[in-house]
Amino acid sequence: MSTIPSLTPPEAVREQLWNEQQLAQPVAVPGFRLWRYQEPAIVLGCSQRRLLAQARGSVPVLLRQSGGGAVLTGPWMLGLSAALPTDHPLARQGLVASYRWLGEAIAGVLQQGGVEAQALAPEALRAMSAAQRTAVDWACFGGLSPWEVLAGGRKIAGLAQVRRAHGVLLVGGLLLQPSPWRLMGEALGCDASDVQALAAATVSAGELAAAFDGQACAERLERALQAALEQEACPM
């Protein structure tokens, strides 16, 4: 069974190295890791080198393999990585549908912790206005994609993926507590209005459930991911 690593700073670097290693050779069996961050770091999508060039200040800024927007990691967030063989049933469903099991697992775990959360179905996303779908186009939590997780109409968990000949890597981030978006805005030299829009478009589990326990959530998510992978590996 996977364990939650006890990492030393910078934890986000360890996470990205693990992710890269999964696709460096064929993925033989599915596996996953959960990540807890002791210190803040900014992780940019693979197409955001422009933001990397303009980064300033003391917050580490990294570039990941997957697409999507910038993510601010730190103690307020729970990260996850799941590596699947290319022929795994959960990976064969296609680019969008491959997110469904993961979004629904996260939503279910949040519901167990007292947070009313739902994975965003593609048809529900299409019914939204452009302003609802994208509040801040350069930030992962500033936009919505199918099967990401909402709570009270605001984004609480984001997802991204990498598809290579060796396998499929799914990654995600769940806001356990309020994220200090100002920290990311200042580090990347972004407008204050973007920071305000991110705060308005997102919410954390701790804001919605006063007694929310982040460690218990991580343990429930670990069990849920393990169960999902085992179920697909051994269909009835």
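A polar contact is a pair of N or O atoms within 3.5 Å, where, within protein, one atom must be able to donate a hydrogen and the other to accept it. With that in mind, and remembering that the model is predicted, begin by selecting E15, which sits in helix α1, residues 11-22, and display Y37 alongside, since the side chains of E15 and Y37 are joined by a polar contact of 2.9 Å.

Next, extend the selection around E15 to W35, Y37 and S81, which E15 touches once residues up to four places away in sequence are set aside. Then add R64, the nearest side chain of opposite charge, which lies 8.3 Å from E15, a residue that is buried yet has no salt bridge.

From S81, move on to the strand that holds this residue, β5, and select residues 77-84, where 8 of the 8 residues are buried. In a regular strand the side chains alternate between the two faces of the sheet. Along β5, M77, G79, S81 and A83 point one way, while L78, L80, A82 and L84 point the other way, and all of them are buried.

Now bring in the neighbouring strands, beginning with β1, residues 31-36, which runs antiparallel to β5 and is joined to β5 by 6 bridges; to find one of these pairings, select R33, whose bridge partner in β5 is S81. Finally, select β9, residues 167-175, which pairs with β5 in the antiparallel sense over 8 bridges, and centre the view on A83, whose bridge partner in β9 is L169.

Methods:
Residues are numbered from 1 along each chain as its sequence is written. This is a predicted model: local features need pLDDT of at least 70, side-chain atom pairs count only at pLDDT 80 or more; totals for chains, interfaces and linings use all residues. Side-chain values use heavy atoms; hydrogens and water are left out. Buried means under 20% relative accessible area, exposed over 50%, partly exposed in between (1.4 Å probe, protein chains only). Helices (H or I, at least four residues) and strands (E, at least two) are DSSP runs, numbered from the N terminus. Two strands pair if DSSP finds at least two bridges between them. Lys and Arg count as positive and Asp and Glu as negative; His and the chain ends are not counted. A salt bridge is a side-chain nitrogen of Lys or Arg within 4 Å of a carboxyl oxygen of Asp or Glu. Contact means heavy atoms within 4.5 Å.
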